[in-house]
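Visitor: I'd like a close look at one part of this model, taken slowly, please. Could you start with a pair of strands and then show me what lies around them?

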Amino acid sequence: MRALETGPYGRCVYRADNDVVDHQVVLMRFAGGLSVSLTMQGSSHIEGRTIRVDGMRATLLANEARAEMEIHDHLTGRAERIERPRGVGGHGGGDDGLMRAFVAAIQGDRASVLTSAREAVASHLMAFAAERARVHGEVIDMEAFRRSL
């Protein structure tokens with residue numbers, strides 16, 4: 001209670017100096033013409049992270065908090081539901097998995113490493129570019145953005 005009364009966590013979110021985005025839609029176009037839209041919604045009746053991927057043959061829906069995925073086949077109209085055990089800890093157990101893979105890699109076992117450092121940096125640069133686009137209201141060319149850093 002003391003922290004809420006005297007610290008930053010007790011401040012009204014609408015009257016504070018916090019400028020963190022609570023809703024954002026990021027449109028991306030990749031090589032070959034692939035288009036992606038990423039929607040981040042901070043205030044929603046749906047708990048946790050959700051994902052929707054629409055492809056030519058199917059749609060994938062996933063809900064982290066419910067530990068479930070659905071694959072909807074466009075041709076047959078059938079839907080398959082996949083339920084997984086919930087992970088423990090941050091990001092549905094992903095934080096723990098990343099640390100285990102990191103330690104194993106340092107010890108010489110790279111079998112659990114699913115993403116290269118180059119890919120990790122590229123994905124973070126996309127997030128930084130999305131924030132720049134939001135703050136400045138501009139379209140970001142990733143090649144130019146990379147060169148500017």
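In strand S4, which residue is the bridge partner of Arg-52?

Guide: The bridge partner of Arg-52 in S4 is Leu-61. Before we go further, this is a predicted model, in which local features need pLDDT of at least 70 and side-chain atom pairs count only at pLDDT 80 or more, while totals for chains, interfaces and linings use all residues. Residues are numbered from 1 along each chain as its sequence is written, and side-chain values use heavy atoms, with hydrogens and water left out.

Let's build outward from that bridge. Strand S3 covers residues 50–54 and strand S4 covers residues 58–63, and the two pair in the antiparallel sense over 5 bridges. Strands here are DSSP runs of E with at least two residues, helices are runs of H or I with at least four, and both are numbered from the N terminus. Two strands count as paired if DSSP finds at least two bridges between them. Beside Arg-52 you can find Val-53, whose bridge partner in S4 is Leu-60. To pass from S3 to S4, the chain makes a hairpin through 3 residues.

Now step back to the sheet. It is an open one of 4 strands, in the order S3-S4-S5-S6, with antiparallel pairing. Its edge strands are S3 and S6 (79–83), each of which pairs on one side only. From one strand to the next, the twist averages 10°; for such angles, axes are lines fitted to C-alpha atoms, for helices over the stretch in contact, and the angles run from 0 to 180 degrees between N-to-C directions.

Next, follow S4 to Asn-63, which lies in that strand. Asn-63 has a relative accessible area of 5%, so it is buried. Buried means under 20% relative accessible area, exposed means over 50%, and partly exposed is in between, using a 1.4 Å probe and protein chains only. A polar atom of the Asn-63 side chain lies 2.8 Å from the backbone nitrogen of Arg-66.

Strand S5 (residues 68–73) holds Ile-71. Ile-71 is partly exposed because its relative accessible area is 32%. Can you spot Thr-59 as well? Ile-71 and Thr-59 are 12 residues apart in sequence, and their C-alpha atoms are 5.7 Å apart in space.

Glu-68 is in S5 too. Its relative accessible area is 15%, so Glu-68 counts as buried. Arg-66 is partly exposed because its relative accessibility is 42%. The side chains of Glu-68 and Arg-66 make a polar contact of 3.2 Å. A polar contact is a pair of N or O atoms within 3.5 Å; within protein, one must be able to donate a hydrogen and the other to accept it, and residues adjacent in sequence count only if both atoms are side-chain atoms. Glu-68 and Arg-66 also form a salt bridge, with their closest N and O atoms 3.2 Å apart. That term stands for a side-chain nitrogen of Lys or Arg within 4 Å of a carboxyl oxygen of Asp or Glu. Side chains of opposite charge can pair when their charged atoms come close.

The structure holds 8 salt bridges, so let's visit some beyond the sheet. In helix H2 (residues 94–106), Arg-100 and Asp-96 sit 4 residues apart, about one turn of the helix. Their side chains meet in a salt bridge of 2.8 Å, N to O. With a relative accessible area of 59%, Arg-100 is exposed, whereas Asp-96, at 40%, is partly exposed. Another salt bridge joins Arg-132 and Glu-138, whose closest N and O atoms are 2.8 Å apart. Arg-132 is partly exposed at 38%, and Glu-138 is partly exposed at 33%. Back around Glu-68, salt bridges that share partners link Arg-66, Glu-68, Glu-70 and Arg-81 into one network.

Finally, look at helix H3 (residues 117–136), where you will find Met-126. Met-126 is partly exposed because its relative accessibility is 32%.
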